[in-house]
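Trainee: I've got a new model open and I'd like to learn how to read it. Can we go through it feature by feature?

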Amino acid sequence: MYARLVLYTLGSGGRSTAQALSDELAPAISALKGCESVTFFGDAADGEYGLFVLWETKEDADAAAQVIGPRLMKGLSGSVEEPPKLRLFEVLNR
């Protein structure tokens, strides 16, 4: 199992952008092969947001990144204070 973590800073007032991304992308991610769970999260006080997805395999995670990555970047375009941080981790225990 693998975990994809994406962190991005929208700054103050970014909650509506984060919510719109979540509303659009969560169902799309959930529908992809190998998705175990998807969680969007954030802190409106400091403008930090992100998503966490559990994937059955690394191949599933990589395939999903090819589909969802461009949509995420388009949704964040012009809104983020710096490029998003994207990481893929092997899950050690669940």
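Trainee: Let's begin with strand pairing. Which residue in β4 does leucine 5 stand opposite?

Mentor: Keep in mind that this is a predicted model. Leucine 5 stands opposite arginine 87 in β4. That fits into a wider pairing, as β1 and β4 run antiparallel and share six bridges.

Trainee: In what order do the four strands sit in the sheet?

Mentor: Read across the sheet rather than along the chain. Here the order is β2-β3-β1-β4, in an open sheet with antiparallel pairing. β2 and β4 (85-90) are the edge strands, each with a single partner, so one side of each has no neighbour in the sheet. From one strand to the next, the twist averages 15°.

Trainee: And the helices? Which strands does α1 lie across?

Mentor: α1 lies across β1, β2 and β3, and its direction is at about 180° to that of β2. As for α2, this helix also packs on the sheet, where it touches β1, β3 and β4, with its direction about 15° from that of β1.

Trainee: How do I check whether a helix has its expected span?

Mentor: Compare its end-to-end reach with the rise per residue. α1 covers residues 15-30, 16 residues in all, and reaches 22 Å from first C-alpha to last, close to the 22 Å expected at 1.5 Å a residue.

Trainee: Where in α1 does the kink lie?

Mentor: At glutamate 24, shortly before proline 27, with a bend of about 25°.

Trainee: Which residues of α1 are buried?

Mentor: Start from the helix geometry. An α-helix has 3.6 residues a turn, so residues three or four places apart point the same way. In α1 the buried ones are Ala18, Leu21, Ser22, Leu25, Ala26, Ala28 and Ile29. Their cover includes the strands β1 (2-9), β2 (35-43) and β3 (48-55), along with helix α2 (58-76).

Trainee: Let me try a single residue. Where is aspartate 43 found, and what is its relative accessible area?

Mentor: You'll find aspartate 43 in strand β2. Its relative accessible area is 36%, so aspartate 43 counts as partly exposed.

Trainee: What is aspartate 43 in contact with, leaving aside its neighbours within four places in sequence?

Mentor: With those set aside, aspartate 43 is in contact with Glu48 and Tyr49. Its side chain also reaches the backbone nitrogen of alanine 45, at 2.9 Å.

Trainee: How far apart are aspartate 43 and glutamate 59 in space?

Mentor: They're 31 Å apart, C-alpha to C-alpha, with a separation of 16 residues in sequence.

Notes: Residues are numbered from 1 along each chain as its sequence is written. This is a predicted model: local features need pLDDT of at least 70, side-chain atom pairs count only at pLDDT 80 or more; totals for chains, interfaces and linings use all residues. Side-chain values use heavy atoms; hydrogens and water are left out. Helices (H or I, at least four residues) and strands (E, at least two) are DSSP runs, numbered from the N terminus. The expected span of a helix is 1.5 Å times one less than its number of residues. The bend at a residue is the angle between axes fitted to the seven residues ending there and the seven starting there. Buried means under 20% relative accessible area, exposed over 50%, partly exposed in between (1.4 Å probe, protein chains only). Contact means heavy atoms within 4.5 Å. Two strands pair if DSSP finds at least two bridges between them. Axes are lines fitted to C-alpha atoms, for helices over the stretch in contact, and angles run from 0 to 180 degrees between N-to-C directions. A polar contact is a pair of N or O atoms within 3.5 Å; within protein, one must be able to donate a hydrogen and the other to accept it, and residues adjacent in sequence count only if both atoms are side-chain atoms.
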